[in-house]
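Me: Please examine the structure shown here and answer a few questions about its fold and its buried residues.

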Amino acid sequence: MKVKVYGAGSIGNHLTQASRRLGWDVSVVDKDTEALRRMKEEIYPMRYGAWDFEIKQYTPENEPKGGFDVIFLGVPPHVRIALAKEVLAENPKVLQLEKPICGPNFEGVEEFLEELKKHPDVKVVNGYEYVLSKFVNGAEEILKSGFLGNHQSMDVEIRERWDGIFGAHPWLSGPQDTYLGFWKKGGGASGEHSHGMNLFQHLACLLNLGKVTEVCANLKYIKDDKVDYDESCFINLTTEKGYIGRVVQDVITFPVKMNARIQGDGGYLECIKGYSKDGDLIKYQKNDEEEKEYFFSKNRPDDFYAEILHINDILEGKVDIKDSPISLERGLETMLIIAAAHKSAQEKRTVKIDYSKGFNLEALS
């Protein structure tokens with residue numbers, strides 16, 4: 001497969017290395033020549049042991065156009081949709097939009113979706129790779145037994161002080177230097193850690209609980225002359241079938257806490273991402289029985305490799321894009337929850353989501 005990755009930052013490096021693990025031909029494009037140098041001489045060799053000289057690097061002035069099976073957009077969310085609309089002209093088989101897909105104002109989304117109609121063969125996916133992880137797949141298999149019984153509650157937490165993010169981006173002095181420091185650009189806890197909302201949606205779908213239709217949120221904003229972002233995000237969610245759950249996301253918690261716990265009248269299941277530096281853990285227990293644990297060995301690059309394997313299955317026809325947990329539609333549904341959370345927090349009320357009105361702010365009331 002021949003692929004092109006836009007963005008030589010942290011995500012771009014992960015996507016490039018994961019693609020190379022599968023033997024794909026990779027071209028990386030970035031307008032910043034310093035970012036390309038940093039990728040080649042610092043980030044990639046430090047993370048993965050050595051630079052891979054099969055990787056090609058370009059600036060927009062000399063990048064190749066057309067003939068790519070997959071195009072990855074590892075650029076900031078507030079500029080991603082505009083670039084996505086532009087690269088549709090290259091007709092890749094799969095177009096990947098990193099997460100969050102866009103800013104919470106949905107600027108340019110409707111125009112992109114209209115343009116996408118002209119390219120029916122292009123399959124679009126999002127970058128919420130957690131739902132493809134081994135421990136989530138393991139949880140799916142366990143849940144199929146139905147041991148939970150009647151579902152009572154679900155809590156998802158993605159709580160991580162963003163020191164790790166800036167450690168992976170040492171050229172940034174803080175959130176003010178990037179979209180991360182601005183919630184309107186897709187940053188803050190609501191955007192950067194929106195894996196939490198996306199995982200809640202995914203598990204609700206697996207359990208046949210329906211889509212999220214009501215959002216009641218409380219966000220703590222940090223705003224001064226340099227930044228404007230949400231530091232912590234507490235969200236109560238209600239699905240169309242009346243199921244109630246909670247998602248918490250923040251950029252202040254240390255040590256990191258990333259988990260999802262589902263409680264039923266027949267027992268519970270808990271997924272713990274980053275249980276140790278060597279992998280993730282699932283714990284579950286049927287009522288009155290001994291608790292069981294399953295450990296899934298992995299490292300951070302493995303998360304992106306799982307995404308590449310899934311995209312490969314789409315390319316080979318093994319997965320229908322309509323059934324993919326990282327479909328464009330799933331990612332945009334997550335964006336509606338993000339937008340609803342901000343609206344709820346700022347207006348101090350419950351916000352309803354009407355999916356029939358499309359992916360725009362008019363869907364929120």
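Reply: Buried means under 20% relative accessible area, exposed means over 50%, and partly exposed lies in between (1.4 Å probe, protein chains only). Helices (H or I, at least four residues) and strands (E, at least two) are DSSP runs, numbered from the N terminus. This is a predicted model: local features need pLDDT of at least 70, side-chain atom pairs count only at pLDDT 80 or more, and totals for chains, interfaces and linings use all residues. Residues are numbered from 1 along each chain as its sequence is written, and side-chain values use heavy atoms, with hydrogens and water left out.

Me: Which residues of helix α4 are buried?
Reply: Helix α4 covers residues 109-116. With the cut-off given above, its buried residues are Val109, Phe112, Glu115 and Leu116.

Me: Why do the buried residues of α4 lie on the same side?
Reply: An α-helix has 3.6 residues a turn, so residues three or four places apart point the same way. The arc is that of the directions from the helix axis to the C-beta atoms. The buried residues of α4 are on the same side because they cover an arc of only 125°.

Me: What do the buried residues of α4 pack against?
Reply: Contact means heavy atoms within 4.5 Å. By that criterion, the partners of the buried residues of α4 are α3 (77-87), β5 (94-97), β6 (123-126) and α10 (328-347).

Me: How many of the 10 residues of helix α5 are buried?
Reply: In α5 (residues 134-143), the buried residues are Phe135, Val136, Gly138, Ala139, Glu140, Ile142 and Leu143. Their cover includes α8 (195-206), β11 (257-264), β12 (267-276), β13 (279-286) and β14 (292-297). The helix is largely enclosed by the rest of the structure, because the number of its residues that are buried is 7.

Me: Is Glu333 buried or exposed?
Reply: Glu333 belongs to helix α10. Leaving aside residues up to four places away in sequence, Glu333 touches Gln201, Lys211, Tyr355 and Phe359. Its relative accessibility is 7%, so Glu333 counts as buried.

Me: What radius of gyration does the chain have?
Reply: The radius is taken over C-alpha atoms, and the globule rule is 2.2 Å times the number of residues to the power 0.38. For 365 residues, a compact globule would have a value near 21 Å, which agrees with that of the chain, 20 Å.

Me: What share of the 365 residues of the chain is buried?
Reply: The chain has 10 helices and 15 strands. Of its 365 residues, the share that counts as buried is 58%.
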